[in-house]
Amino acid sequence: MDPAPAYPSAMVNVTNRCNLKCQHCFVFRDGNPNELAGEMKPERVLSELRRLRDRHGLRRMLWMGGEPMLRWRTLEKGLLLFEHNTITTNGTVPLKDFGPDLIYVISLDGPRAINDSVRGEGVFDQVMKTLSAIADDFRPTVMIQCVVHRENQDHLAELAEELLPTRAEGLTFSFYVPRAGEISSRAWADNQERETAIEIVFDLKRRYPEFIWNSSRSLDLMRPATAKLVTDNCPLLQLALPLYIEGDDFTTPFCCYGNDVDCDRCGAWGVFSTACKIPGPWDSPST
Ligand code: SF4
Ligand code: SF4
């Protein structure tokens, strides 16, 4: 029997529940389940993750949802299984101090009006409240991630300026990943059209180099000349095992963005930031 493929990282939707109903949610395009019924028992989540860790050599886990902090008691134990942990959260549930090695990534879609038109009335202020409630001796790293799309690309500076005085240590921009064939007000038609948004982020990085955590190299790789070289050889598919908990089973989707994604237009931050760290066809002298 062939040995199981090795992955340094994995990502898991530790719950399918969420307290928000974002319009763009790719996890629950047909509405959010809010009941506990049918959710995998904590003991099974932890034993399966331990098994998968040992099978694939996983060292890093990205905890996603739903809203993972709704299952913080399971998370508290799950974090002990891996050397490195990141929790993505909508930032409306209080953060817990699970120690210095943890990174919290809080999602925002833009400044108040834009964010709330997608995530719900009052959500931006709830996130700001969460940030201001973080104690001085809180040990995890707290960063914000904003998914850039065609509708919010002209409002990113406003978001950065609102966040600069807060307890958030950095801001990263991930670029919208459309579904195959998607034509929408969010999705750029192609990577040529997306370049304007990349320039906007570059400009912000020049203004706030310490606060904007996208590297210049990762932004450059997103340009039309190289983007497809990266996504055709997706570093996330090579290095990160996507896991979905569905009922009482763990399944492996095509990628963490789902089974029906348009890789050619993918602008996921994780893809391009990882490409900067590993060799690939995008490293030719002309790039
Ligand atoms: S917070 Fe995340 S999981 Fe919850 S509805 Fe919004 S996008 Fe979906
Ligand atoms: S959509 Fe998924 S598989 Fe495709 S390039 Fe992006 S992260 Fe990789």
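M11 of strand β1 (9–13) stands opposite L62 in β2, where strands are DSSP runs of E with at least two residues and helices are runs of H or I with at least four, both numbered from the N terminus. This is a predicted model, in which local features need pLDDT of at least 70, side-chain atom pairs count only at pLDDT 80 or more, and totals for chains, interfaces and linings use all residues. Residues are numbered from 1 along each chain as its sequence is written, while chains are lettered from A and ligands numbered from 1 in the order in which they are written.

**The sheet**

- An open sheet of 8 strands, with mixed pairing, follows the order β6-β5-β4-β3-β2-β1-β7-β8, two strands being paired if DSSP finds at least two bridges between them.
- Its edge strands, each pairing on one side only, are β6 (170–175) and β8 (249–251).
- On average, and with direction ignored, neighbouring strands of this sheet are turned by 25° against each other.
- Strand β3 (residues 84–89) pairs with β4 in the parallel sense over 5 bridges, and V105 in β4 is the bridge partner of T88.

**Strand β1 and its surroundings**

- Strand β1 is joined by 5 bridges to β2 (residues 60–64), and the two run parallel.
- With β7, strand β1 pairs in the parallel sense over 4 bridges, and S9 stands opposite A240 in β7.
- Because 4 of the 5 residues of β1 are buried, this strand is largely enclosed by the rest of the structure; a residue is buried if 20 or more other C-beta atoms, placed from the backbone, lie within 10 Å of its own.
- Helix α1 (residues 42–56) lies across β1, β7 (240–246) and β8, and runs at about 155° to β7, with angles going from 0 to 180 degrees between the N-to-C directions of axes fitted to C-alpha atoms, for helices over the stretch in contact, that is, with C-beta atoms within 7 Å.

**Helix α3**

- In helix α3 (residues 112–119), the buried residues are I114, N115, V118 and R119.
- These residues lie on the same side of α3 because they cover an arc of only 110° around the axis, taken from the directions from the helix axis to the C-beta atoms.
- Their cover includes β4 (102–108) and α4 (123–132).
- Just after α3, G120 takes a positive phi of about 120°.

**Around ligand 2**

- The residues around ligand 2 include V177, T231, C234, Y257 and V271, each having its C-beta atom, placed from the backbone, within 6 Å of the molecule.
- By class, this shell has 11 nonpolar, 1 polar and no charged residues, where Ala, Val, Leu, Ile, Met, Phe, Trp, Tyr, Cys and Pro count as nonpolar, Asp, Glu, Lys and Arg as charged, and the others, Gly among them, as polar.

How values were computed: A residue is buried if 20 or more other C-beta atoms lie within 10 Å of its own, exposed if 12 or fewer, and partly exposed in between; C-beta atoms are placed from the backbone. Two residues are in contact if their C-beta atoms, placed from the backbone, lie within 7 Å.
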